[in-house]
Amino acid sequence: MDTKHSPSIESDHQYFLNQALKQANNAQNEDEVPIGAIIVNKANEIVSVGYNKKEGENNCTRHAEIIAIERASEKISNWRLTGYTIYTTLEPCIMCAGAIVHARLEKVVYGAKDLKWGGHSSITNIFDLNLNHKTEAIYAQNELCSGILTNFFKKKRK
């Protein structure tokens, strides 16, 4: 699963968000809300991926970010993901933002805002709380990340 990439920081964000979008497509193919996440190490290698599985597993905690965190922790045999970055297509919800901080992820980069559940800037900011670990949060707007969600819900409402 190690996929290495090494361009500039801004193009890194878009490249890795596009990789997370591939996971969102997997979710959509399973009639799940299309949200995907990937975790990248300091060498810019993808170490884990995840996508929403709430409906299929009938479990409200099966968010893309949680699944990616679980898989990364299993792969490196450590729950501390210090120095790793998570890329997710949607602003992490409050639950996922808490898990990101608990996992000690260095950064979270997301491509679309979540005006209903957002844990970075839309509803609250978990990452600015006075906790024992600080995670940098970056909104790297990506129209494909918001578009896949908009289209999914338009189809659901028909």
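Asp 31 counts as partly exposed, at 44% relative accessibility. In this predicted model, the residue sits in the loop that runs between helix 1 (9-29) and strand 1 (36-40). Its backbone is also notable: phi of Asp 31 is near 60°, a positive value in a residue other than glycine.

Asp 31 takes part in a salt bridge with Lys 156, in which the closest N and O atoms are 2.9 Å apart. Lys 156 lies in helix 5 (residues 143-157) whereas Asp 31 lies in the loop between helix 1 and strand 1, so the pair ties together parts that are 125 residues apart in sequence. Lys 156 counts as partly exposed, at 43% relative accessibility.

The count of salt bridges comes to 3, and they are set out below.

| Acidic residue | Basic residue | Closest N and O atoms |
|---|---|---|
| Asp 31 | Lys 156 | 2.9 Å |
| Glu 57 | Arg 62 | 2.9 Å |
| Glu 70 | Arg 62 | 3.0 Å |

Arg 62 forms a salt bridge with Glu 57 and another with Glu 70. Glu 57, Arg 62 and Glu 70 are thereby linked in a network of salt bridges. With a relative accessible area of 13%, Arg 62 is buried, because that value falls under the 20% cut-off. Glu 57 counts as partly exposed at 41% relative accessibility, and Glu 70 is partly exposed with a relative accessible area of 33%.

A positive phi also occurs at Arg 104, a residue other than glycine, where the angle is near 65°. Arg 104 is found in the loop between helix 4 (94-102) and strand 4 (107-110). At 18% relative accessibility, Arg 104 counts as buried, while Asp 31, with a relative accessible area of 44%, is partly exposed.

The strand that follows this loop, strand 4, takes part in two pairings. Strand 3 (residues 85-88) pairs with strand 4 in the parallel sense over 4 bridges, and Ile 86 stands opposite Val 108 in strand 4. Between these two strands the chain passes through helix 4, and this β-α-β crossover is right-handed. Strand 4 also pairs with strand 5 (residues 136-139), in the parallel sense and over 4 bridges. In that pairing, Val 109 stands opposite Ile 138 in strand 5.

Definitions and conventions. Residues are numbered from 1 along each chain as its sequence is written. This is a predicted model: local features need pLDDT of at least 70, side-chain atom pairs count only at pLDDT 80 or more; totals for chains, interfaces and linings use all residues. Side-chain values use heavy atoms; hydrogens and water are left out. Buried means under 20% relative accessible area, exposed over 50%, partly exposed in between (1.4 Å probe, protein chains only). Two strands pair if DSSP finds at least two bridges between them. A crossover is right-handed if, with the strands pointing away from the viewer, the path from the first strand over the helix to the second runs clockwise. A salt bridge is a side-chain nitrogen of Lys or Arg within 4 Å of a carboxyl oxygen of Asp or Glu.
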